[in-house]
Every structure is written in C-alpha cells, then in structure tokens.
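The following exercises are intended for a reader new to this structure. Each task is followed by a solution that proceeds step by step.

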Amino acid sequence: MLGLKRAIVTDFAVAYKVALSSPLLIVALVQHQWIHVDLLVVVTALVLMAEIFNTVIESLCDVVESGHSEVIGGIKDMAAAAVAVAILAWCAVLAFEVIVLFHWA
C-alpha cells in the first residue's frame, strides 16, 4: 500500500485517474449498482497498474542506460503503448458509466 500511496502522491498520471474514478465509484455504491462498482474497480486497477508499471520500467531503463539508446527507447515506447491501451479501455468504461449511472441514455 505504501507504493500505491507514493504513486498517487508523486505521479500526476496516477492521481488524476483516481480522482476521476472515485466520484463514479461513490455514485455506483450509493445506487447499489454492484456490477458497475466491480467494472469501475477493475478498469481503474488496470489503468493504475499500467501507469505504475510504466513508471517503474522507465525508471529502471534510466538506471541501466542514462544516454540515448534505441533499445531503451523501444522498451519505453512499448511500456507507454500498454498505458495507452489501458487508458482507452478506462475512458470507454468511464464514459459508459457516466451515461448509465446518471441516466443520460
């Protein structure tokens, strides 16, 4: 839990995802929409894991090679791509949840 706290406090990419997901999660809990709670928890966990892994991979790459390296650049690009995939799924679910939980459909 200490690592998650550190990620939320020091990494804006993690913090804003928690900040955007939390209100929807609270609404789903208040409405007793358990499947929506589950879905929000899963996609938020997925995107947070991707962000944290990306940060760790980039930090380790910087320790291994401080200068420019095509191989390290490729590794960092793939880690960032994994985050992009997770963010797309997270955004799609958040948009769906806003529509469903606020009865905009």
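**Exercise 1. Determine which residues S21 touches, and establish whether S21 is buried or exposed.**

Solution. Leaving out residues up to four places away in sequence, S21 touches T44, W90 and L94. The model under study is a predicted one. Next, locate the residue: S21 belongs to helix α2. Finally, consider its accessibility. The relative accessible area of S21 is 5%, and buried means under 20%; S21 is therefore buried.

**Exercise 2. Describe the largest nonpolar core and state which helix gives the most to it.**

Solution. Begin with the extent of the core: it has 13 residues. The residues with the most contacts inside it are L24, A28, L40, W90, L94 and L101. Then assign the core to helices. At least two of its residues come from each of α2 (12–30), α3 (34–64) and α4 (70–101). The helix that gives the most is α4, with six residues.

One member of the core may then be followed outward. With neighbours within four places in sequence set aside, L24 is in contact with L40, L94, E97, V98, L101 and F102. Of these contacts, L40, L94 and L101 are also listed among the core residues with the most contacts.

**Exercise 3. Explain why K17 counts as buried, and identify the polar contacts of its side chain.**

Solution. The first step is position: K17 is found in helix α2. The second step is accessibility. K17 has 0% relative accessibility, which lies under the 20% limit, and so K17 counts as buried.

The third step concerns polar partners. The side chain of E51 makes a polar contact with the side chain of K17, at 2.8 Å. In addition, a polar atom of the K17 side chain lies 3.0 Å from the backbone oxygen of A13.

The fourth step is to list the wider surroundings. Setting aside neighbours within four places in sequence, K17 is in contact with V47, L48, E51, I87 and W90. With respect to W90, K17 lies over the face of the ring, 6.0 Å from the ring centre.

**Exercise 4. State how many aromatic pairs the whole structure has, and characterise the pair formed by Y16 and W90.**

Solution. A search of the whole structure finds three aromatic pairs. In the pair formed by Y16 and W90, the centres are 6.3 Å apart and the planes make an angle of 70 degrees. Planes over 60 degrees apart count as edge-to-face, and the pair is therefore described in that way.

Consider next where the partners lie. Y16 is in helix α2 and W90 is in helix α4, 74 residues apart, so that the pair links distant parts of the chain. Their accessibilities are then compared with the limits: Y16, at 29% relative accessibility, counts as partly exposed, whereas W90, at 2%, counts as buried. To complete the description, F12, Y16 and W90 form one aromatic cluster.

**Exercise 5. Establish how many disulfides the structure contains, and classify C61 and C91 by accessibility.**

Solution. A search of the whole structure finds zero disulfides. The accessibility of each cysteine is then read separately. C61 has a relative accessible area of 7% and is buried. C91 has a relative accessible area of 40% and is partly exposed.

**Exercise 6. Examine the positive phi angles of H32 and H103, and state where each residue lies.**

Solution. Take H32 to begin with. Although H32 is not a glycine, its phi is positive, at about 55 degrees. H32 lies in the loop between α2 and α3. Its relative accessible area is 53%, which is over 50%, and H32 is therefore exposed.

Proceed to H103. This residue also is not a glycine, and its phi is positive, at about 55 degrees. H103 lies in the segment after α4. At 63% relative accessibility, H103 counts as exposed.

**Exercise 7. Describe the surroundings of V37.**

Solution. V37 lies in helix α3. At 11% relative accessibility, V37 counts as buried. Not counting residues up to four places away in sequence, V37 touches L25, A28 and L29. A separation in space can be added: the C-alpha atoms of V37 and V27 are 8.9 Å apart, while the two residues are 10 residues apart in sequence.

Conventions:
Residues are numbered from 1 along each chain as its sequence is written. This is a predicted model: local features need pLDDT of at least 70, side-chain atom pairs count only at pLDDT 80 or more; totals for chains, interfaces and linings use all residues. Side-chain values use heavy atoms; hydrogens and water are left out. A nonpolar core is a set of buried Ala, Val, Leu, Ile, Met, Phe, Trp, Tyr and Cys residues joined through side-chain atoms within 4.5 Å. Buried means under 20% relative accessible area, exposed over 50%, partly exposed in between (1.4 Å probe, protein chains only). Helices (H or I, at least four residues) and strands (E, at least two) are DSSP runs, numbered from the N terminus. Contact means heavy atoms within 4.5 Å. A polar contact is a pair of N or O atoms within 3.5 Å; within protein, one must be able to donate a hydrogen and the other to accept it, and residues adjacent in sequence count only if both atoms are side-chain atoms. A disulfide is a pair of cysteine sulfur atoms within 2.5 Å. Rings of Phe, Tyr and Trp (its six-membered ring) pair if their centres lie within 6.5 Å; planes under 30 degrees apart count as stacked, over 60 as edge-to-face and the rest as tilted. A charge sits over a ring if NZ of Lys or CZ of Arg is within 6 Å of the ring centre and within 35 degrees of the ring normal.
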